[in-house]
Each structure stands twice: as structure tokens, then as C-alpha cells.
Amino acid sequence: MGRRESLDAEVFQPLWAAGWQWMWIVAGSLFLGVYLVVQFGDSLGGFGIIAGSGALAALGIWYVNQRYEAVLEAGIEQAQSAILDVVRAGDGDSEVSSIPIDGRALLLVNPARAYDLTTLVAGDDSFAVHEDTTVNLAHRYVSVGDDAHHYEYTELSSVSYEDGRLHVTKRDGAVDSYAMSSAPTSAMSAARERIAAVENHH
């Protein structure tokens with residue numbers, strides 16, 4: 001079932017919404033402005049609506065482009081906290097890395113509407129890969145699925161990243177592969193250290 005919760009980040013909602021809905025604002029103002037001019041000859045009112053709405057749309061776009069990095073970071077941190085609950089890892093000694101994948105973009109707006117996350121959690125006794133997370137900036141929510149891939153360090157021989165893929169290699173030679181746009185450096189390094197510690201112990 002998973003969970004979905006509001007993205008906990010401070011934004012000025014009227015401008016944030018205007019940035020994501022700027023096309024509708026412009027289209028609506030053009031329709032209404034032209035209607036006032038053509039039907040009633042109200043050039044001042046018609047062009048005033050068009051100019052004002054255009055300014056609101058431009059300000060909204062600017063605001064989203066200025067604020068989205070902080071909002072995305074807050075969303076990723078919020079998602080990671082929920083993922084630690086899913087994989088049943090205490091956050092004290094767990095190393096967590098999340099790699100976002102861009103979703104559908106909007107013209108003139110720098111961020112994607114939403115980002116899908118692949119998250120690695122290197123805990124004390126096990127390593128987990130969680131692929132079912134979305135941070136939605138346009139509608140400001142975070143959704144986290146209930147399923148994750150779990151690996152005991154005793155069953156792993158290596159964790160590596162190459163050509164956009166994370167490779168989790170088991171001692172029996174089987175390899176699980178996950179698409180990732182960049183290397184999850186911190187969690188991967190922690191997993192390697194714990195795999196090496198298990199090997200040295202044995």
C-alpha cells in the first residue's frame with residue numbers, strides 16, 4: 001500500500017502554484033482579455049488582464065526555479081526517513097543514498113514535475129535497495145512504497161556501479177542490477193566496508 005504525505009517544505013504557495021500552472025494562466029488571460037476587447041471594446045481592461053497575468057506567470061516561473069533545489073532536497077530527506085522505516089533500519093548507523101531520476105518537465109521551468117528515487121540503505125547487518133519513491137514538486141507530496149530488496153552482508157561479495165547500473169553480486173555468482181543515473185557513493189562505500197568486515201571475520 002505504501003504511504004503518501006505532504007512534502008514538508010516552506011514555499012509561498014500562490015507563486016509556487018503559478019510557476020507550475022503558468023501555461024493555464026497565460027491561456028486563460030489571453031482568452032478573457034481578447035473577449036473583453038472584442039465583445040465590449042474594453043482595451044484597457046483586456047490588455048491589463050493579459051499583462052497582469054503574464055507578469056504573475058513570469059514571477060511564478062522565477063520563484064519555482066529559485067526554490068526547487070531546496071524543496072527537492074527536503075523531499076528527498078523526508079522520503080529517506082520513511083524508507084528507513086520500510087527497511088526497518090535505525091537511522092543512527094545506516095548510510096543512505098538516494099539518486100533522483102527526472103520525470104516530465106514543463107517549458108521554462110527548470111525542475112521536473114516529479115522525481116523518482118532509487119535509495120540505498122547500508123545498515124549494520126544488511127543492505128537494501130528501495131525503488132518505489134516519488135517526490136512530486138508540482139503537487140508537493142512524497143510517496144514511498146512498502147517493498148524493498150534486502151541483502152544480508154554474509155550473502156554478498158560486492159556492490160559496484162558501472163555504466164548507469166548498480167550491480168549487487170552475491171557469493172553464489174548471481175547479480176542483481178538496478179538502473180541509477182549516478183553512483184550512490186556514500187551508501188555503496190559503506191556497504192563495501194561492511195562486506196569486507198564480514199569477509200575478514202570469516
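**Figure 1. Helices α2 and α3 pack roughly antiparallel.** In this predicted model, the axes of α2 and α3 come within 7 Å. They cross at roughly 175 degrees. Angles over 145 degrees count as roughly antiparallel, so the pair falls in that class. On the α2 side, the contact is made by Trp22, Ile25, Val26, Ser29, Leu30, Leu32, Gly33, Val34, Leu36 and Val37. On the α3 side, Ser43, Gly45, Gly46, Phe47, Ile49, Ile50, Ser53, Leu56, Ala57 and Ile61 take part. Helix α2 covers residues 22–40. Helix α3 covers residues 43–86.

**Figure 2. Helix α1 crosses α3 roughly at a right angle.** Two packed helices are described by the angle between their axes and the distance between the axes. For α1 (residues 13–20) and α3, the axes come within 7 Å and the angle is roughly 105 degrees. Values of 65 to 115 degrees count as roughly perpendicular, which is why α1 is described that way relative to α3. Helix α1 contributes Leu15, Trp16, Ala18, Gly19 and Trp20 to the contact. Helix α3 contributes Leu56, Leu59, Gly60, Ile61, Tyr63, Val64, Arg67, Tyr68 and Val71.

**Figure 3. The buried residues of α1.** Leu15, Trp16, Ala18, Gly19 and Trp20 are the buried residues of this helix. What covers them includes α2, α3, β3 and β4. Leu15, Trp16, Ala18, Gly19 and Trp20 also make the α1 side of the contact with α3.

**Figure 4. A nonpolar surface patch that includes Leu32.** Phe31, Leu32, Tyr35 and Phe40 make a nonpolar patch of about 470 Å² on the surface. Leu32 is found in helix α2. Its relative accessible area is 39%, so Leu32 is partly exposed. Leu32 is also among the α2 residues in contact with α3. An α-helix has 3.6 residues a turn, so residues three or four places apart point the same way.

**Figure 5. A salt bridge between Arg3 and Asp85.** A search of the whole structure finds three salt bridges. In one of them, the side chains of Asp85 and Arg3 meet at 3.7 Å, N to O. This pair links distant parts of the chain, 82 residues apart. Arg3 is in strand β1 (residues 3–6), and Asp85 is in helix α3. Asp85 is partly exposed, with a relative accessible area of 49%. Arg3 is partly exposed too, at 35%.

**Figure 6. A salt bridge between Arg171 and Glu199.** The closest N and O atoms of the two residues are 3.7 Å apart. Here too the pair links distant parts of the chain, 28 residues apart. Arg171 is in the loop between β10 (165–170) and β11 (175–179). Glu199 is in helix α4 (residues 185–201). Arg171 has a relative accessible area of 41% and is partly exposed. Glu199 is partly exposed at 37%.

**Figure 7. A salt bridge between Lys170 and Asp176.** The closest N and O atoms of Lys170 and Asp176 are 3.9 Å apart. The cut-off for a salt bridge is 4 Å, so the pair is counted. Lys170 has 22% relative accessibility and counts as partly exposed. Asp176, at 25%, is also partly exposed.

**Figure 8. Thr169 in strand β10.** Thr169 lies in this strand and counts as buried at 18% relative accessibility. The cut-off for buried is under 20%. Leaving aside residues up to four places away in sequence, Thr169 touches Leu156, Ser157, Ser158, Ala174 and Val175.

**Figure 9. Leu108 and Asp163, two loop residues with positive phi.** Most residues other than glycine have a negative phi. Leu108 is not a glycine, yet its phi is positive, about 75 degrees. Leu108 sits in the loop between β3 (105–106) and β4 (109–112). At 53% relative accessibility, Leu108 counts as exposed. Asp163 also has a positive phi, about 55 degrees. Its place is in the loop between β9 (156–162) and β10. Asp163 is exposed, with a relative accessible area of 72%.

Note on methods:
Residues are numbered from 1 along each chain as its sequence is written. This is a predicted model: local features need pLDDT of at least 70, side-chain atom pairs count only at pLDDT 80 or more; totals for chains, interfaces and linings use all residues. Side-chain values use heavy atoms; hydrogens and water are left out. Patches are made of residues with over 30% relative accessible area and no salt bridge: like charges are joined within 9 Å, nonpolar side chains (Val, Leu, Ile, Met, Phe, Trp, Tyr) within 5 Å. Accessible areas come from the Shrake-Rupley method with a 1.4 Å probe; for residues, only the protein chains shown count as cover. Helices (H or I, at least four residues) and strands (E, at least two) are DSSP runs, numbered from the N terminus. Buried means under 20% relative accessible area, exposed over 50%, partly exposed in between (1.4 Å probe, protein chains only). Axes are lines fitted to C-alpha atoms, for helices over the stretch in contact, and angles run from 0 to 180 degrees between N-to-C directions. Angles under 35 degrees count as roughly parallel, over 145 as roughly antiparallel, 65 to 115 as roughly perpendicular and the rest as oblique. Contact means heavy atoms within 4.5 Å.
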